[in-house]
Structures are given as C-alpha cells and as structure tokens.
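Q: I am new to this structure and would like a close look at a single part of it, with its surroundings described step by step. Could you take me through that part and then through the spaces and the core of the model?

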Amino acid sequence: MSPAEDPAHRPALLDDHADSFARLAAANVTRAYPYAPQQLLTGPTDLTPPRSRHPAFYGSYDWHSAVHMHWLLVRLMRRAPGHIDTAAVREVLDAHLTVDALTAEAAHLRANTTFERPYGWAWLARLAAECGDASADGVEGADAWAEATRPARDAVRELVEAWLAKATYPVRHGVHTNSAFALGLLLDSDTATEAATDAVRRWFLADRDYPAGWEPSGQDFVSPALTEADAVRRVLPDGEFAQWLTGFLPGLAQAQPASLLTPPEVSDPDDPQIGHLLGLGLSRAAALGAIGRALPADDPRVPVLSTAAVRQLTASLPHVATGTWASDHWLATFATLALESVAEAGPVTV
C-alpha cells in the first residue's frame, strides 16, 4: 500500500471536501480572466495576455494563486485520490506542468528578480516538492510533473539565497510579503534550507513579548505572530521551542491575547481585501495546530491552541467556495492546510 492509499497517512477531514476543492482548483487554474498581473511594464511590448508570459500559471486571478492551486491539485492526488476525479485533475496537470512551460516560468523569474518575492517563490517550491513526493508515492503522471518543475525549483533556490544574503530585516505584516510564512513554506519544501534556517534564527529567535494583541490588521490573511512561531518551531528542537514560545507569547496558557485566538470578524466576505480575513482564520488554524503539536502533550497551552484552531477553521470553512472569484481563487489551498493540521491533532468534527 502506498502512503497515498494509507488512511493513516491522509487526514480524514480533507476527504469530505476533496472533490469540491479539486473541482474549484481545476476551474480556477484554467480560467484566464479576471487576472491581476504582478509585473512592471517597461514598454508597450510588455502588454501581453497572461498566458503568453505564464504558460503554466496564467489562471486563478494571479500568479501566486495559480501556483498554489496547482499545489492543491497535486496534494489531493496524493492525499485523497479516492475522493476526486483523478483523470480530470491529471489532464489539467499534464497540460500545465510541462518542461517547456516551467522552463518559461523559471526564465521569467530569473529575468524579474523581485517578481512574487517571497510568497510566490515559496509556493512554487512547495509545488515542486509536492510533485516530487507524488512521484515517490507512485501517483500516475507525477514523474513528469516532478521533472518539469525542477528548473523552476532551481530558480527559486537561487533567488531565495541571493535575497536572504542581503535582506537585513524581515517583513512582519500579514499579507504576501510576510517573511516568516514564506520561510516556513521553503523549509517544508527543503529549498534553500540553510539560508532559510539562518534567516529564521537571525530574525526571530531574540523576539520576546510580541504585541499579538494588535492583531488582526484589516487585510491580513496570515498572522504575523503565529507565522513567526510556526517558522521558529521548524528550526528549534521541541524543548527549546516550548521555552522560546513562552517568551514570545507569554499569555497563551491563559488564552491571551483573545484577539489572536478568536476568529476574525469579516464584515464583507466579497470585498477582496476584507475577505483576506477569511484566509486569516484558515492560516491561523493551520499554524495553531502545528504549534500545538510541537509542544509536550501535557503543556497547558496545547488545549488552548487546539480549541482555537478548531474555532478558526469552523468559522472560515463555509466561505471557501461561494461562487465569488474574490474568495474562490485561493481559499481552498488554505482550507486544505487547516484541515490537515487540525486533523493531525486528533479526531474532530468541523
């Protein structure tokens, strides 16, 4: 039995949502418009259709969302193959994850060295790593996807190492340029690991008494506090991490600050910026679950974190697929991270 077929390897919570997520992701990555190009125009010749510039990642509203929605499709092929239309998903991945398309994407990254830094880079590294894992698991078609994504992964490694060598300070706000979130993805992808580990240590290990009560900001989709803690737990042994967390967020055992653990209020889910807060609930759930699992089982913070993770997930999950492009083009990825993280903590219903 391959890991993908082993029920213990696949968080059960994801099964209930896998089909709708796969359909949503496949529709998004093949939909060319609406599209928000993240590029500097240097002249009229730069005004080209997205697909001519990005043959793999032209859909899903923007480049980084297209990348992580492809990650989602590969992830579902590994984790929930019995719950999705694998033939339909494979058709999309075979069409997009080709050597020619990914070579073009890698060339664009190298020619535009700040394009999608660091969020899109990190998701591309996760996609390449997921393709490699799918290949190792024997997922049909994954050998070709892994081979195709190798040039892009190499480009990301080069870009990350050059960036971190000159980046004096981290970016701490809760949107795409957040440094800690990207470093966590890179570490999970085994990409530029030495540089990423060094950056986490140099930027974050001295942090104490983080002002997490100021969160959330009005358009966050990741928590600066929790993404930092989640990055640090990747580079410290468990005992050292528990001690560091005490200094960083000293009120956690008393469920403080409440604003960090309570689901954010989302006044208008269809507003593209306010709607980011739906993703914040999901990314918080994923981080809270992972942080809790890095602590000793008898640590009084564990039940606080696990309860908060379920609350955050439960509040945001109904909004993942609403028929509105503002949320549909990206939230399913973060919902998958949250579902997997919460499920790994133990049996739960959401």
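A: **R78, the pockets and the core**

R78 has its place in helix α3, and since the model is a predicted one, what follows describes computed features. R78 counts as buried because its relative accessible area is 6%, where buried means under 20%. The side chain of R78 is joined to that of D137 by a polar contact of 2.9 Å.

Helix α3 also leads to the open spaces of the model, beginning with the largest pocket, whose volume is about 520 Å³. The elements that give two or more residues to the lining of this pocket are α3 (63-79), α6 (119-136), α8 (179-189), α10 (224-233), α13 (276-293) and α16 (331-344). Of these contributions, the largest share is that of α8, which supplies 6 residues. In total 27 residues line the largest pocket, and those lying nearest its centre are R126, D188, R233, R234 and L337. Sorted by class, the lining of the largest pocket holds 12 charged, 10 nonpolar and 5 polar residues.

The second largest pocket contains about 230 Å³ of space, and of the 16 residues that line it, Y61, D62, H176, H276 and H329 are the closest to its centre. Here the elements that give two or more residues to the lining are α3 and α15 (325-328), so that helix α3 is named for this pocket as well as for the largest one. The classes in the lining of the second largest pocket are 8 nonpolar, 7 polar and 1 charged.

Beside these pockets there is the matter of enclosed space, and a search of the whole structure finds 1 cavity of 30 Å³ or more. The largest cavity holds about 30 Å³ of space, and its lining is made up of V171, R172, N178, A180, F204, P224 and E228. By class these lining residues divide into 4 nonpolar, 2 charged and 1 polar.

Finally, the largest nonpolar core comprises 115 residues, among which F21, F57, L124, L245 and L249 touch the most other members. To follow one of these, L124 is in contact with F57, W63, V67, L102, L109, A152 and V156, once its neighbours within four places in sequence are left aside. F57, one of the partners of L124, is itself listed with L124 as touching the most other members of the core.

Key: Residues are numbered from 1 along each chain as its sequence is written. This is a predicted model: local features need pLDDT of at least 70, side-chain atom pairs count only at pLDDT 80 or more; totals for chains, interfaces and linings use all residues. Side-chain values use heavy atoms; hydrogens and water are left out. On a 1 Å grid over the protein atoms alone, a cavity is a set of points where a 1.4 Å probe fits but cannot get out, and a pocket is an open set with protein on both sides within 12 Å along at least five of seven lines; lining residues have an atom within 4 Å of a point. Grid points are joined across faces, edges and corners, and a volume is the space filled by probe spheres set on the points. Ala, Val, Leu, Ile, Met, Phe, Trp, Tyr, Cys and Pro count as nonpolar, Asp, Glu, Lys and Arg as charged, and the others, Gly among them, as polar. A nonpolar core is a set of buried Ala, Val, Leu, Ile, Met, Phe, Trp, Tyr and Cys residues joined through side-chain atoms within 4.5 Å. Buried means under 20% relative accessible area, exposed over 50%, partly exposed in between (1.4 Å probe, protein chains only). Contact means heavy atoms within 4.5 Å. Helices (H or I, at least four residues) and strands (E, at least two) are DSSP runs, numbered from the N terminus. A polar contact is a pair of N or O atoms within 3.5 Å; within protein, one must be able to donate a hydrogen and the other to accept it, and residues adjacent in sequence count only if both atoms are side-chain atoms.
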